[in-house]
There are 2 protein chains.
Amino acid sequence: MGSVKVAIIGFGTVGSGVARLLLEHGERIARHVGRRVELAHVVDVDLTRPRNITLPPGVLTSDLDRVLNDPEVVAVVQLVGGIEPERTIMLRVLESGKDVITANKALLAEHGPELFDAARRLGRSIAFEAAVAGGIPIIAAMSESLAANQIESIHAILNGTSNFILTQMEEENASYAEALAEAQRRGYAEANPTMDVDGSDSAQKLAILAHLAFGARVNWREIPRTGIDTVDVADMRYARELGYAIKLLAVANLVPEGLELHVSPTLVRRGTPLAEVRGAYNAIRLVGDAVGRLFFQGLGAGQMPTASAVVADLIGTLVGRTPITFNMLKLWSDQTAARVMPRDPAQVPGRFYLRFNVADRPGVIAEIAGVLGRKSISISSVIQHETAEDATDVVPLVFMTHTASEGAMAEAMSIIDRLPSVRPPSVRMRVRD
Amino acid sequence: MGSVKVAIIGFGTVGSGVARLLLEHGERIARHVGRRVELAHVVDVDLTRPRNITLPPGVLTSDLDRVLNDPEVVAVVQLVGGIEPERTIMLRVLESGKDVITANKALLAEHGPELFDAARRLGRSIAFEAAVAGGIPIIAAMSESLAANQIESIHAILNGTSNFILTQMEEENASYAEALAEAQRRGYAEANPTMDVDGSDSAQKLAILAHLAFGARVNWREIPRTGIDTVDVADMRYARELGYAIKLLAVANLVPEGLELHVSPTLVRRGTPLAEVRGAYNAIRLVGDAVGRLFFQGLGAGQMPTASAVVADLIGTLVGRTPITFNMLKLWSDQTAARVMPRDPAQVPGRFYLRFNVADRPGVIAEIAGVLGRKSISISSVIQHETAEDATDVVPLVFMTHTASEGAMAEAMSIIDRLPSVRPPSVRMRVRD
């Protein structure tokens, strides 16, 4: 049995997880590759920070050129976050004749087409299973196992941090701030959690999935998105009363009018698999025209689940499977990119959950219902609980609507928020049955 | 864009689904293959039965030799059930230099090693995603996406017919016979449903998964199995009262003592994903040492879900991905087959649900509990409901145990069933929390 050399750039959490698999389970990986996989170099700017794996002497280096100039290294695992210098480094790695495995979804969502084109021009491949939904093999499913299907819809929980926070709010009756603090304490949320909780991270991952599923080259910044930082624990309680859980859903829905894309906190009906996804898990529900409904759930982040996906890609690259798929993806996107266009977000229909803070006086329900009615939005249910004697004069009023367009809904909300009896901000969330 | 020729043997439900995908969605498939896929021959003994797809003239034939002797046909989709002549036909197809795609799990469970060895000797491949869990890409996940993991356990619902029947019994309060009749009416169960409902079909699929996950060459006949034909609607009600649903679970569990394998109706705790799988769906929960817990759910049978898996395999075969994986599986099984041995079923531990029909007189609970105690089986809960005035003198008595071995449990049951106050047959099911 011969051997083959690989390198890791970025010796952080996931990088050391990958090193652990290569060093501690080398025999297992060699069985799949047919050769021993030798970890020749690990590049990081920080040579001293303690990690939970000890590298053989001479492997850790801060010198990227040691990788680029080693002709025996055939594949490079690139595991640093951010856009630059990561983009430049990836281009240099490809130019040096090595295949790339990455988990950097921000980089792919931002510069995917450029990097993919460069790799193809150079006869190289980029594998990115770990960029979306961590340990769930959703990239392989979309690009290989479901190749006979037209994917019709994707409904996904793609950010484990947000799902952990929402679960804490629901199960522990915690406020958003308390749940976020708990997520940070447990290492699920970073010190600056903005990209996770404002929906950007989910939108980046959705852009990648939409590219695979629909051939649509979507700019993630153009995906309408709302984060969980606006969700109040009161909405959690009303949702439960109505038979729903609140989840940060990333949605791609192919309809005759185009591709509907959005990321937003959504009321998901209890008893459906997505509603029951708790804690730091990710999940994807998709519908294909042949396969029907499929559901995947697993850990979307963390050292070893992500390393599992990275090493699967590394094995696929070394045995030659990944380059074949990478070439197939090219065919797919070239021929369909122009066909599927995002639908105007204002036209995207759905049911909505609405919560208003209103003055506790007669006629307010009629006033709000009147605005909704004039925008042709019909109401499926209303909740107004009896107020306590000592309550303030502002009370919450909750509506669930039948199907309405995003645009009509936004117009109605803007009119309602200017009513004298309404105290903005009001809350609006999508509903998924 | 060039073209490549393929053939289908077996123009039944799945075969016509595959033909539909190839003929009606040829453009989609060509994008993934890089060539047009031409359906050159469809072989079936029945040339007249109506199907929901019309083949081009000259394609349908009853002459297998037209496939074997056509040097341009590179891959054959073989979709006939049963063992012979299917085994012989597959060997002849391989010998004629063509790759095989099959959904025949019985054939693989029975003759997999022989057929795989023949394919390797001839430099050919056999793809079988559709043989287990229909449209769920579990074979790809196990053999490719999870290659960095040691799989530690599999808990799966692998027979959609059984799951449909159990769901009907639970949700409609139907008897087993009524639910089976409904499954037959809807086409989920065959006229002779024995292999589905007695656990054999699940055991065959479990044998294939265990081969992939643990390198264990298991004879499916040696997997202890109990079917759902023994489940009474009364057990459904007690299970619900205890917070569980009854599912036909196929289990493979790697422990230091060996590989625990069994198929049996099992009480699965409500709120866990497996307990919530309803209707004709399949689901697989697996644990890998790196990836952690993964859960897959989808349609396990049916024309188009199965055809989706078959055509994905066909595409993988035509682009050259499948032969690579097929070769990797060889490495895996050759080197580990001897390491993982099935554990003695009598030693496999678990919690149990027990239901006895007992004479309604004092001291019976103590008598049964005494037998369990002498076998060191401790009781976690007991249900005996007050009997109606007009009840017979035989009443049900339900126990849940703490962890005990299968062997101790069987011995205790055999003693209890001989007690004068007990009216056999008694019911014993495994419990999964």
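# A tour of a predicted two-chain model

Start with helix α10 of chain A, residues 200-214. At 1.5 Å a residue, the 15 residues of this helix should span 21 Å, and the end C-alpha atoms of α10(A) are 20 Å apart, which agrees. Keep in mind throughout that this is a predicted model. Now show the surroundings of the helix: α10(A) is mostly covered, with 15 of its 15 residues buried. Step just past the end of α10(A) to G215(A), where phi is positive, at about 70 degrees.

**The matching helix in chain B**

Select residues 200-214 of chain B, which form helix α10(B). Its 15 residues reach 20 Å from the first C-alpha to the last, close to the 21 Å expected at 1.5 Å a residue. Is α10(B) enclosed by the rest of the structure or open to the outside? All the residues of the helix answer alike: 15 of the 15 in α10(B) are buried, so it is largely enclosed by the rest of the structure. Just after α10(B) comes G215(B), with a positive phi of about 65 degrees.

**The parallel sheet of chain A**

Next, show the strands β1 to β6 of chain A. These 6 strands form an open sheet with parallel pairing, and their order is β3-β2-β1-β4-β5-β6. Select β3(A), residues 60-61, and β6(A), residues 126-127, which stand at the edges of the sheet. Each of these has a single partner strand, so one side of each is left without a neighbour in the sheet. To look at one edge in detail, add β2(A), residues 36-43, which runs parallel to β3(A) and is joined to it by 2 bridges. Which residue of β3(A) stands opposite V43(A)? It is T61(A).

**The parallel sheet of chain B**

Move to chain B and select its strands β1 to β6. Here 6 strands form an open sheet in the order β3-β2-β1-β4-β5-β6, again with parallel pairing. β3(B), residues 60-61, and β6(B), residues 126-127, are the edge strands, each with a single partner, so one side of each lacks a neighbour in the sheet. This time look at the β6(B) edge: β5(B), residues 99-102, runs parallel to β6(B), and 2 bridges join them. I101(B) has A127(B), in β6(B), as its bridge partner.

**The domains of chain A**

Colour chain A by domain. Domain 1 covers 3-136 + 306-336, domain 2 covers 154-298, and domain 3 covers 345-432. Hide domain 1 and look at the other two: the C-alpha centres of domain 2 and domain 3 of chain A lie 23 Å apart. Their contact takes 19 residues from domain 2 and 15 residues from domain 3. On the domain 2 side, the elements that give two or more residues are α11(A) (233-242), β8(A) (244-255) and β9(A) (258-269). β9(A) supplies the largest share of that side, 8 residues. By class, the domain 2 side has 9 nonpolar, 4 polar and 6 charged residues.

**One residue in chain B**

Select R355(B), which is in strand β12(B), residues 349-359. R355(B) has 19 C-beta neighbours inside 10 Å and so counts as partly exposed. A residue needs 20 or more such neighbours to be called buried. Beyond its neighbours within four places in sequence, R355(B) is in contact with D235(B), Y238(B), P396(B), V398(B), S426(B) and V427(B). Pick out P396(B) from this list: it is 41 residues from R355(B) along the chain, and their C-alpha atoms are separated by 6.6 Å.

**Where the two chains meet**

Show both chains together. 48 residues of chain A are in contact with 48 residues of chain B. On the chain A side, α2 (26-33), α6 (138-145), β11 (292-299), α12 (303-319) and α13 (321-336) each give two or more residues. Which of these elements gives the most? α12(A) does, with 9 residues. The chain A side divides into 27 nonpolar, 15 polar and 6 charged residues.

Now select residues 292-299 in chain B, and display them with β11(A). These two β11 strands pair in the antiparallel sense over 3 bridges. Q297(A) stands opposite F295(B) in β11(B).

**The axis**

For the last view, superpose the chains. Chain A can be laid on chain B with an RMSD of 0.0 Å by a turn of 180 degrees and a shift of 0.0 Å along the axis. That is the relation of a two-fold axis. Select F296(A), the residue of chain A that comes closest to the rotation axis, with its C-alpha at 2.4 Å. Finally, 100% of the interface residues of chain A are also interface residues in chain B, so the copies meet through the same surface.

Definitions and conventions: Residues numbered from 1 in each chain as written. Chains lettered and ligands numbered in written order. Predicted model: local features only at pLDDT ≥ 70, side-chain atom pairs only at ≥ 80, totals over all residues. Contact = placed C-beta atoms within 7 Å. Helix = DSSP H or I, 4+ residues; strand = E, 2+ residues; numbered from the N terminus. Nonpolar A, V, L, I, M, F, W, Y, C, P; charged D, E, K, R; others polar. Pairing = 2+ DSSP bridges. Domains from an automatic or database assignment. Least-squares fit on C-alpha atoms with pLDDT ≥ 70 in both. Expected span 1.5 Å × (residues − 1). Buried ≥ 20, exposed ≤ 12 C-beta atoms within 10 Å, placed from the backbone.
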